[in-house]
Structure formats: C-alpha cells, structure tokens
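Subject: Model handover and notes

Hello,

Here is the model we spoke about. Please open it next to the sequence; my notes follow below.

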Amino acid sequence: ISIPAQLKKLPLRYGLLQGKLPPATEMGWEDKNNFAHNSPTLLNWLRVGWNYSVICGYADLVVTDSDSSIFTEYMDKNFPETFTVKTNRGKHWYSICPGYDNLNLKNKVGEVKAKRVYVVGPGSIHPETKKPYEIVKDVDIITITPEELNEILKDWIVAPPNTSAFDDPFFTPTQCPDLPED
C-alpha cells in the first residue's frame, strides 16, 4: 500500500487503521496522533500492508463520500473532474474547499467530510470484501469554493450549511416544543 502522488502534494495528515473500520488505531488521531506522508511510522505501517486513513480538514481537504448508487451516478455526472476513489459502497471525490463543514446528505446517500473526520485511504483493503479502495480518476485534486460545492449538492443537502430553523421566516417557536416559554 502506498500513498498516491496527488495526496503527497498537499500537507495532509494520515492515520493508522487496523482490522475492521473504524475506529482509527491511534487515539487522538484528529489533531496529534497522525502522520505526514513521509513519516517512518506511517511508511512502515504501509510496508506491512496495513490500512491507513486520510484525515479531512488538513490543507482544506474535503471528501464527498457516496454510499448509494443513485448519488454516485449523480456525482459522476455533476462533479468536476477530480481525484476519485471507488469504495465498497460508492466513491470518494476529493477536493480542496476552504471553510467547508461536515454535512450529512438526504436519505443517507452519503456525506461531505471536511473537519475532524477521515476516509479510508486509497489502496487500503476493505476488511470484509477484501477489495481495495481503488483510484478510478487518477488526476489532480480540484479546488472548489463552498458556493460551488453547495450548488452541486443543492438537491441533496438536508439543511443549508450555517443555517438553522430560526433563519426560516415561517418558523415559529411553537414548532420546537422543548423550548421554554417566555
């Protein structure tokens, strides 16, 4: 297992995965127990053939993760050409998108992974199917704005990022029975 050149170009961080996924092997992988692509610890881990994770958020890395054939087909048609990895249930589309947040998509078709989350690294082997996470578009990672990404995902977003029910002009507090009365 080796880290692809497209990922090495960026100051990304990687975690160590072992056995069934998740969790990551190293506690605190989000901010301290993670490794640069040239770390001897990571390189030895990969040399043995163990899986690794790519930690989202470093260098503004965002990965749109599909878990359904419908969403995968939509993304293949609508997402700009970028580094893409086939997973067990769908695909990962890699992008650089400064300021984006994690986002769950409608009907559990997937999610956008942007901060303090990881995806299984390309070349890793799925523990149940024994199939690799395979690079299917071996091109550079694109840079995209949050507005462009939201436009692509607009029909799949549960609620627009950085909004709440209170931003809805038709929202009334009686719609939230847990709120205390004045």
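How many bridges join strand 1 to strand 2, and do they run parallel or antiparallel? There are three, and the two strands run antiparallel. One bridge pairs Tyr-14 with Val-54 in strand 2. Keep in mind throughout that this is a predicted model.

**Overall layout**

The protein chain has four helices and ten strands. From the N terminus, the order is α-β-α-β-β-α-β-β-β-β-β-β-β-α. The chain has 182 residues, and 40% of them count as buried. Contacts reach far along the sequence. Among those with a separation of 6 or more, 72% come from residues 24 or more positions apart.

**The three-stranded sheet**

Strands 1 and 2 belong to an open sheet of three strands. The order is 1-2-8, with antiparallel pairing. Strand 1 and strand 8 are the edges. Each has a single partner strand, so one side of each has no neighbour in the sheet. From one strand to the next, the twist averages 35°.

Strand 2 is also joined to strand 8 by three bridges, and this pair runs antiparallel too. Here Ser-53 has Val-120 of strand 8 as its bridge partner.

Look at the side chains of strand 2. Tyr-52 and Val-54 point one way, Ser-53 and Ile-55 the other. All of these residues are buried.

Helix 2 lies across strand 1 and strand 2. Its angle to strand 1 is about 55°.

**Two nonpolar cores**

The largest nonpolar core has 26 residues. Leu-7, Tyr-14, Leu-42, Val-54 and Tyr-94 touch the most other members. Several elements each supply at least two residues of this core. They are strand 1 (14-16), helix 2 (40-48), strand 2 (52-55), strand 3 (61-66), strand 5 (91-96) and strand 8 (118-120). Two of the residues named above, Tyr-14 and Val-54, are the bridge partners from the opening question.

There is a second core, separate from this one, with 19 residues. Its members include Tyr-100, Ile-142, Leu-149 and Leu-153.

**Helix 3 and helix 4**

Start with helix 4, residues 146-153. Leu-149, Ile-152 and Leu-153 are its buried residues. Seen down the helix axis, they fall within an arc of 90°, so they line one face of helix 4. Leu-149 and Leu-153 are also members of the second core. The cover over the buried residues of helix 4 includes strand 3, helix 3 (69-78) and strand 7 (110-113).

Now helix 3. Phe-71, Thr-72 and Met-75 are buried there. Their arc around the axis is only 100°, which puts them on the same side of helix 3. Ser-69, Ile-70 and Lys-77 are exposed on the other side. The buried residues of helix 3 are covered by elements including strand 3, strand 5 and helix 4.

**Aromatic pairs**

How many aromatic pairs does the structure hold? There are six. Two are worth describing in full.

The first is Phe-71 with Trp-156. Their ring centres are 5.0 Å apart and the planes stand at 65°, so the pair is edge-to-face. This pair links distant parts of the chain. Phe-71 is in helix 3, Trp-156 is in the segment after helix 4, and 85 residues separate them. Phe-71 counts as buried, at 0% relative accessibility. Trp-156, at 13%, counts as buried as well, because the cut-off is under 20%. With Tyr-74, these two residues form a cluster linked by ring pairs.

The second is Phe-83 with Tyr-94. The centres of their rings are 5.1 Å apart and the planes are at 75°, so this pair is edge-to-face. Phe-83 sits in the loop between helix 3 and strand 4 (84-86), while Tyr-94 is in strand 5. The pair therefore ties together parts that are eleven residues apart in sequence. Both Phe-83 and Tyr-94 are buried. Tyr-94 has appeared before: it is one of the residues that touch the most other members of the largest core.

Best regards

Terms used. Residues numbered from 1 in each chain as written. Predicted model: local features only at pLDDT ≥ 70, side-chain atom pairs only at ≥ 80, totals over all residues. Heavy atoms only, no water. Core = buried A, V, L, I, M, F, W, Y, C linked by side-chain atoms within 4.5 Å. Buried < 20%, exposed > 50% of the residue type's maximum accessible area, 1.4 Å probe, protein only. Pairing = 2+ DSSP bridges. Axes fitted to C-alpha atoms, helices over the stretch in contact; angles between N-to-C directions. Contact = heavy atoms within 4.5 Å. Arc of directions from axis to C-beta. Phe/Tyr/Trp six-rings, centres within 6.5 Å; stacked < 30°, edge-to-face > 60°.
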